[in-house]
Amino acid sequence: MSAREHEIYDVVGIGFGPSNLSLAISLEEHRANVLTNPITSAFFERQPRFGWHRNMLLPSATMQISFLKDLVTFRNPVSRYSFVSFLHASGRLAQFVNRQDFFPTRAEFHQYLEWAESSLSNVVTYSSSVTGIRLPPEVAHDRPEYLRIDVTDEGGGTRTVDARNVVISTGLVPRMPDGIARHERVWHSSEFLSRYGRTEPGDLKRVAVVGAGQSAAEITKFLYERLPHAQITAIMPSYGYSVADDTPFANQIFDAGAVDEYYFGTERARDAFWRYHKNTNYGVVDDAVIRHLYEIQYEEEVRETKRLHFRNLTKVSSVEHTGSETRVHLVSQLDGPQPFLDVDAIVFATGYDSLDPSRLLGDLDRFCLRDESGRHRVERDYRLVTTPDLPIGIYLQGGTEHTHGLTSSLLSNIAVRSGEIADSIIQRRAERELIPAGALQAADS
Ligand code: FDA
Ligand code: NAP
């Protein structure tokens, strides 16, 4: 990428996961349809290369959504960046169709994302963490037309670029239980494969997995299969794993149209989305994985051997390290404190917090309005609501569960959402420059 110091871009994207990759495509497809004055963009990604939750690319783990909910199809079904185009380019279209399955493996979807990214590498700079967004000193007392973005590369070098619009898409934040810190032998699921890969399998004779969501179930299954000599203990707060509801009526909450119903709905309606449909995504597990784990448990009963243990209705209260031992203290919701468990490693598959832009915004946060619960107010076009002193578009891809609903942190709606963000940026620029909006409208929108 050719960003020079203080070069001004129409769009600076922070993070280059699937959401901002989808936005980059949306902007490129717009650019392809506008001959003059294209929207300029630059994206910064802290990873050294493209990667989508690489540490959870467990063999045979499948996608949780249809392949048609790719980066583009719901916005532009004829885009050259669709999953179907990828299959065609890979020579696997016929074989994929023969599978008669909507759900590719996560490994194959990762290949698709990398394939799409390879055509957009000109707009992204890797190994570059955005550390803050601020008012440029020269416009600090005026209504600014751009913001300054601070970027640090992996060698500690710093640079700045200016942005007329910023799109924050930094993803989910791994969550550990209060009072428990990560350690060489205490892992969060988001770092699982890299930690596991750095550990001698023979050193893992006793491993525990905490949680009852998809990550916990997949890791439990993986460890049981990979470590035939090991005792595996699944520690879960619930009585057992609960199934992820992906039946057709419930699945409608992930439709693009549901975003309007959520956004413009009453507080009561929004509450109903969560009350009735949280089990489509949070703390739940794919039916096939649950059945697989139950089958293992039953087989062990038949064989009268036991190395997969379930500690249900149980939470970890603390973890202590004494010499080379890692000791886990447990509390059962049935009968209180339990005998400790010594492990060689423990994996906390305890979920994620959603994106919170406050840290990146720093002092700029004082221009951002909040609702009565203290959460950021967000326009329908995913733009933070700011005071008139800050007329710059700061868009969120993620962290909008409270305003836009359950798809906020998921892939289901990214094609449509990134198209809406691109349209908003284009429309607002047209208004600023008093160009008839139709002349700049994306042909695909
Ligand atoms: P994502 O987290 O993918 O990307 C954010 C990027 O920002 C990262 O690459 C990060 O390195 C970068 N970044 C963060 N801070 C930065 C900074 N300061 N500067 C520069 N870069 C920064 N959903 C779904 O719908 N179907 C599914 O099958 C799955 N599967 C799935 C598996 C696993 C293991 C997890 C943990 C989650 C899912 N999800 C999912 C949900 C998941 O949120 C979703 O798939 C996407 O990752 C969302 O894409 P984003 O680009 O928004 O975030
Ligand atoms: P999750 O769904 O949020 O589940 C976290 C689990 O940890 C819940 O069971 C939670 O219980 C439990 N937990 C939290 N704090 C705990 C504590 N202190 N002690 C014990 N248990 C605790 O997280 P996830 O499984 O990582 O899934 C996150 C997202 O990634 C979901 O969207 C999921 O679909 C996705 N994912 C997809 C795939 C795939 O595509 N194959 C794989 C993995 C994950 P409570 O409910 O009581 O809080």
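## Before you start

The domain bounds used here come from an automatic or database domain assignment. This is a predicted model, where local features need pLDDT of at least 70 and side-chain atom pairs count only at pLDDT 80 or more, while totals for chains, interfaces and linings use all residues; side-chain values use heavy atoms, with hydrogens and water left out. Residues are numbered from 1 along each chain as its sequence is written, and chains are lettered from A and ligands numbered from 1 in the order in which they are written.

## Around ligand 1

Let's begin with ligand 1, which has 28 residues around it (a residue counts as near if one of its heavy atoms lies within 4 Å). The closest are Ser19, Glu45, Gln64, Ser409 and Leu411. By class, this shell holds 12 nonpolar, 13 polar and three charged residues. Here Ala, Val, Leu, Ile, Met, Phe, Trp, Tyr, Cys and Pro count as nonpolar, Asp, Glu, Lys and Arg as charged, and the others, Gly among them, as polar. Helix H1 (18-33) and strand S4 (128-134) each bring at least two residues to the shell, and S4 gives the most, with three. Helices (H or I, at least four residues) and strands (E, at least two) are DSSP runs numbered from the N terminus.

Polar backbone atoms face this ligand at several places (a polar contact is a pair of N or O atoms within 3.5 Å). Ser409 has one 2.6 Å from an oxygen atom of ligand 1, and Ser169 has one 3.5 Å from an oxygen atom of the ligand. For Arg46, the partner is a nitrogen atom of ligand 1, at 3.1 Å. Taken alone, ligand 1 exposes 990 Å², and the protein buries 91% of that (accessible areas come from the Shrake-Rupley method with a 1.4 Å probe).

## Around ligand 2

Ligand 2 is surrounded by 21 residues, of which Thr62, Ser215, Glu218, Asn281 and Gly283 come nearest. Eight of the shell residues are nonpolar, 10 polar and three charged. Helix H6 (residues 214-226) gives the most to this shell, with three residues. Domain 1 (8-172 + 354-444) and domain 2 (175-244 + 282-352) each supply at least three residues.

Side chains and backbone both take part in the polar contacts here. An N or O atom in the side chain of Ser215 is 2.6 Å from an oxygen atom of ligand 2, and a polar side-chain atom of Gln64 lies 3.0 Å from an oxygen atom of the ligand. Gln214 offers a polar backbone atom, 3.1 Å from an oxygen atom of ligand 2. The protein covers 78% of the 910 Å² of accessible area that ligand 2 has on its own.

## A cavity between domains

The structure holds one cavity of 30 Å³ or more, and about 50 Å³ of space lies in the largest cavity. A cavity is a set of points, on a 1 Å grid over the protein atoms alone, where a 1.4 Å probe fits but cannot get out, and lining residues have an atom within 4 Å of a point. Grid points are joined across faces, edges and corners, and the volume is the space filled by probe spheres set on the points.

Among the residues lining the largest cavity are Ile253, Asp255, Tyr262, Phe273 and His404. The lining has six nonpolar, three polar and one charged residues, and helix H8 (residues 256-263) gives the most, with three. Why does the largest cavity lie between domain 1 and domain 3? Domain 1 (8-172 + 354-444) and domain 3 (251-276) both give residues to its lining, so the cavity lies between them.

Key
A polar contact is a pair of N or O atoms within 3.5 Å; within protein, one must be able to donate a hydrogen and the other to accept it, and residues adjacent in sequence count only if both atoms are side-chain atoms. On a 1 Å grid over the protein atoms alone, a cavity is a set of points where a 1.4 Å probe fits but cannot get out, and a pocket is an open set with protein on both sides within 12 Å along at least five of seven lines; lining residues have an atom within 4 Å of a point.
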